[in-house]
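This report describes the fold and selected local features of a single protein chain. Please consult the sequence and coordinates alongside the text.

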Amino acid sequence: MARSKPSRRKHARRMFVETLESRSMMAGDFHHNFAFPEDADANGVVTPLDALVVINRVNRSFADNPSPNGAPIPTRLVDVDADETVSPRDALIVLNHLNAQNMNGESGRRASRVESDRRIELIEKALASNNLPPTFSTEEAQAILDTLRSGGRPELGDYVENGSLHWRKPNPNPPAGLPNREPIGPGDSPQAAARLQFERFIAGLSERLAAFNVSPEVIGNIASELQIANQDGTRFDLQQVRARLAELGVDVDKILPQPAPPQSDRPERPGLPIEVTQPIADSIVARLTNAGVTTEIIETISKE
């Protein structure tokens, strides 16, 4: 007997949207780019090809088809976010980096959007397990790790030397509006050398701020203030620049990490008392006398 309409409606299958399984490919034939996470093809720059490399690998993992012809897949540095998997998030990070890189038509490198702590953790793990990408030696991985631990950014050219963090020298072709000069020659005056050094400082600072997507207005403000201060004869050190940038809303601890002072290999000697023998004491008194020091002072020193 045919069911009534209410009965058919009761037993009818309801339609609903099913959430697809979030899939990712576990580590095996891919790695993380220690030096520049968004550079998936390891050619030194971030381009749309890097996003395509990641997307292709994600598509293969979703289709359970590692290679269209069964051949081994060449190792790629597609684990962008350093979580030891490959997922659409990796491609998204590259795309966001490209958008920031092309923002306002500006060129130049941008700092990685992957957290330094996550990068440090993965490099430490890779060194401990000796599972390094084929493009990095142990020495190179350790150097990058030291730079990240010091607060530097290897993707911007920062490096550690003798225990101290150094920033990459500014681009010889500074951004528009900043002076561009040839290196100082033998005939240039000390004033010209000082001016060129100051101009390079402004160019390097502007380039670094732009790498962290600081607004052009803030970069222009600090460059203008430094130029005016220099014309007035006012000296600005890096601490003052950091303080002014903080007032302008810049995260100076992230962008301008404090370079650590070089560590001495010589152990500190305990403050032991110095024993002065009589010949040395006589020599000191003679030198003080020849220098015209008064008798009262010499007698005091002799007693001590």
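## Contact between helix 7 and helix 8

In this predicted model, Val218, Ile222, Glu225 and Leu226 of helix 7 are in contact with Val241, Arg244 and Leu245 of helix 8. Sorted by class, the residues of this contact comprise five nonpolar, two charged and no polar ones.

Helix 7 covers residues 216–231 and helix 8 covers residues 238–247; their axes lie 11 Å apart and form an angle of about 140°. The arrangement of helix 7 relative to helix 8 is therefore oblique, because the angle does not exceed the 145 degrees above which a pair counts as roughly antiparallel. The two helices, 7 and 8, cross with right-handed geometry.

## Contact between helix 6 and helix 7

Helix 7 also packs against helix 6 (residues 190–211), here at an angle of about 165° and with the axes 10 Å apart. Helix 6 and helix 7 are thus roughly antiparallel to each other, and their crossing is right-handed.

On the helix 6 side, the contact involves Phe198, Phe201, Ile202, Leu205, Ser206, Leu209 and Ala210; on the helix 7 side, it involves Ile219, Ile222, Ala223, Leu226, Gln227 and Asn230. The contact of helix 6 with helix 7 consists of ten nonpolar and three polar residues, with no charged residues. Ile222 and Leu226 of helix 7 belong to this contact and also meet residues of helix 8.

## Contact between helix 4 and helix 5

Helix 4 (residues 116–129) and helix 5 (residues 138–149) form a further packed pair, with an angle of about 150° and an axis separation of 10 Å. Helix 4 and helix 5 are accordingly roughly antiparallel. The crossing of helix 4 with helix 5 is left-handed.

The residues contributed by helix 4 are Ser116, Arg119, Ile120, Ile123, Glu124 and Leu127, and they meet Thr138, Ala141, Gln142, Ile144, Leu145, Leu148 and Arg149 of helix 5. In the contact of helix 4 with helix 5, seven residues are nonpolar, three are polar and three are charged.

## Surroundings of Val252

Val252 is located in helix 9, which spans residues 252–255. With a relative accessible area of 10%, Val252 is buried, because the limit for that class is 20%.

Which residues does Val252 contact when neighbours within four places in sequence are left aside? They are Arg242, Leu245, Ala246 and Pro257. Among them, Leu245 is also one of the helix 8 residues that meet helix 7. The C-alpha atoms of Val252 and Leu209 are 9.5 Å apart, although 43 residues separate the two in sequence. Leu209 is itself one of the helix 6 residues in contact with helix 7.

## Positive phi values before strand 2

Ala82 is not a glycine, yet its phi is positive, at about 60°. Ala82 lies in the loop between helix 2 (48–62) and strand 2 (85–86). Its relative accessibility is 8%, so Ala82 counts as buried.

Glu84 is found in the loop between helix 2 and strand 2 as well, and its phi is near 65°, again a positive value in a residue other than glycine. Is Glu84 buried or partly exposed? At 29% relative accessibility, Glu84 counts as partly exposed.

## Gln101 and Ala111

Gln101 belongs to helix 3 (residues 88–101). The relative accessible area of Gln101 is 14%, which means that Gln101 is buried.

Ala111 is ten residues from Gln101 along the chain, and the C-alpha atoms of Gln101 and Ala111 are separated by 9.4 Å.

## The chain as a whole

The secondary structure of the chain consists of eleven helices and four strands. The chain has 304 residues, of which 32% count as buried. Its accessible surface comes to about 20,200 Å², with 52% belonging to carbon and sulfur atoms.

How many of the contacts between residues at least 6 apart in sequence join residues at least 24 apart? The share of such contacts in the chain is 62%.

Conventions: Residues numbered from 1 in each chain as written. Predicted model: local features only at pLDDT ≥ 70, side-chain atom pairs only at ≥ 80, totals over all residues. Heavy atoms only, no water. Axes fitted to C-alpha atoms, helices over the stretch in contact; angles between N-to-C directions. Parallel < 35°, antiparallel > 145°, perpendicular 65-115°, else oblique. Left-handed = near helix turned anticlockwise from the far one by under 90°. Contact = heavy atoms within 4.5 Å. Nonpolar A, V, L, I, M, F, W, Y, C, P; charged D, E, K, R; others polar. Buried < 20%, exposed > 50% of the residue type's maximum accessible area, 1.4 Å probe, protein only. Areas by Shrake-Rupley, 256 points an atom, 1.4 Å probe, with all protein chains shown as cover.
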